[in-house]
Amino acid sequence: FWSRQNPVLDTAECVKVAHTTAVDVYQWLREVCSTRLINDGPVVLCGPGIVVQIDESLFKHKPKYNRGRRADYEQWVFGMVDTSKTPSLGYMQMVDTRNAATLLPIIQAHTAPGTIIHSDEWAAYARIARDIPHLQHETVNHSEEFVNRATGVYTQNIESYWNRVKKRFKTMKGVHSHQLPSYLDEFMWWERYGATSEKAFYSILMDIILQYVAGVTCILFNH
C-alpha cells in the first residue's frame, strides 16, 4: 500500500487495522527513507555547465495534536533542483531563516564545482558568486518578468518542484509540524528509488533488510 502511495487512512481501512497503527507504520517507513538518505551521504547536484535552480517556499502544516493557531506553524524550506533530469531531481532542507549565512552553506555543500545557479533576486543570493567561487550565478527579476529576456534565465523548474511536493502532501490531508522533516526525506527518497510502485516496493524492502535484518544477522554471527 505504501509503495503505491495509498493514503494512510485508506490503507488502514483496507487491511483492517487501527488508524494509529497504520500511521505508525507509515512513519516508520519514512524513517527508513531518512536513514537511507543519511547513509548515502550528502546530496550533491549537477556539475560543470549544468543548471541548478534554487528557491525557498513556505509550508503551512498542521500543529501537533491539532492544537494551536495555523499561523504559528509555518515553515520555510529551501530547495534546489537539477534541471538536467526529467522531472527535475531535487534537494530540500528546512531553514529557520532565509539569510545568506543560512542559505549559502547549504548551496555550497550540495552543488558540484562548475554548476550554474539560477535564482530570483532574493538578497541572500547576491553573494553566491563572491562567496562560492566554484559556482556561476545568474538571476531573473520576478518583479519585472518570469524569464530574463537578456539571458533566458528562469526558475520554473523549482516552482514546478514545489507544486509536486505540496500536491503530494495535500493528498495526505496535510502534514503535522513535527513530521515535516521525514515527509521531505520521503519525497526525496521516492524521487531517487521509487520511480514506479514496483521499484519503490523492492527498494524499501532492501533498505529495511540493510538497516534492520542485516544488522541483526551480524550481531547473531558475532555471538
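Begin by selecting Trp190, which has a relative accessible area of 9% and is therefore buried, the cut-off being under 20%. The model on screen is predicted, and the protein averages a pLDDT of 89, with 89% of the residues scoring at least 70.

Add Trp189 to the selection. Its relative accessibility is 0%, so Trp189 also counts as buried.

**The aromatic pairs**

Across the whole structure, a search returns 11 aromatic pairs. For one of them, select Tyr161 and Trp162: the ring centres are 6.3 Å apart and the planes stand at 65 degrees, so this pair is edge-to-face, given that the class requires an angle over 60 degrees. Tyr161 is buried because its relative accessibility is 0%. Trp162, with a relative accessible area of 4%, is buried as well. Returning to Trp189 and Trp190, the viewer will show another edge-to-face pair, with 5.8 Å from centre to centre and 85 degrees between the planes.

Next, extend the selection from Tyr161 and Trp162 to Phe59, Phe169, Tyr183 and Phe187; ring pairs link these six residues into a cluster.

**Charges over rings**

Which residue lies over the face of Tyr193? Selecting Arg36 together with Tyr193 gives the answer: Arg36 is placed over that face, at 3.8 Å from the ring centre. A second arrangement of this kind appears on selecting Arg98 and Trp122, where the charged end of Arg98 sits over the ring of Trp122, 4.1 Å from its centre.

**Strand β4 and its partners**

Now select residues 116–119, which form strand β4. Ile116 and His118 point one way from the strand, while Ile117 and Ser119 point the other way. This follows a general pattern, because side chains in a regular strand alternate between the two faces of the sheet. Are the four residues of β4 buried or exposed? All of them are buried.

Display strand β1, residues 51–60, beside β4: the two pair in the parallel sense over three bridges. One place to inspect is Val51, whose bridge partner in β4 is Ile116. Then display strand β5, residues 136–139, which pairs with β4 in the parallel sense over four bridges. Here His118 has Glu138 of β5 as its bridge partner.

**Confidence by element**

To finish, colour the model by pLDDT. Among the elements of the protein, β4 has the highest mean value, 98. The lowest, 78, belongs to helix α7, which may be selected as residues 197–222.

Note on methods
Residues numbered from 1 in each chain as written. Predicted model: local features only at pLDDT ≥ 70, side-chain atom pairs only at ≥ 80, totals over all residues. Heavy atoms only, no water. Buried < 20%, exposed > 50% of the residue type's maximum accessible area, 1.4 Å probe, protein only. Pairing = 2+ DSSP bridges. Phe/Tyr/Trp six-rings, centres within 6.5 Å; stacked < 30°, edge-to-face > 60°. Lys NZ or Arg CZ within 6 Å of the ring centre and 35° of its normal. pLDDT = per-residue confidence, 0-100.
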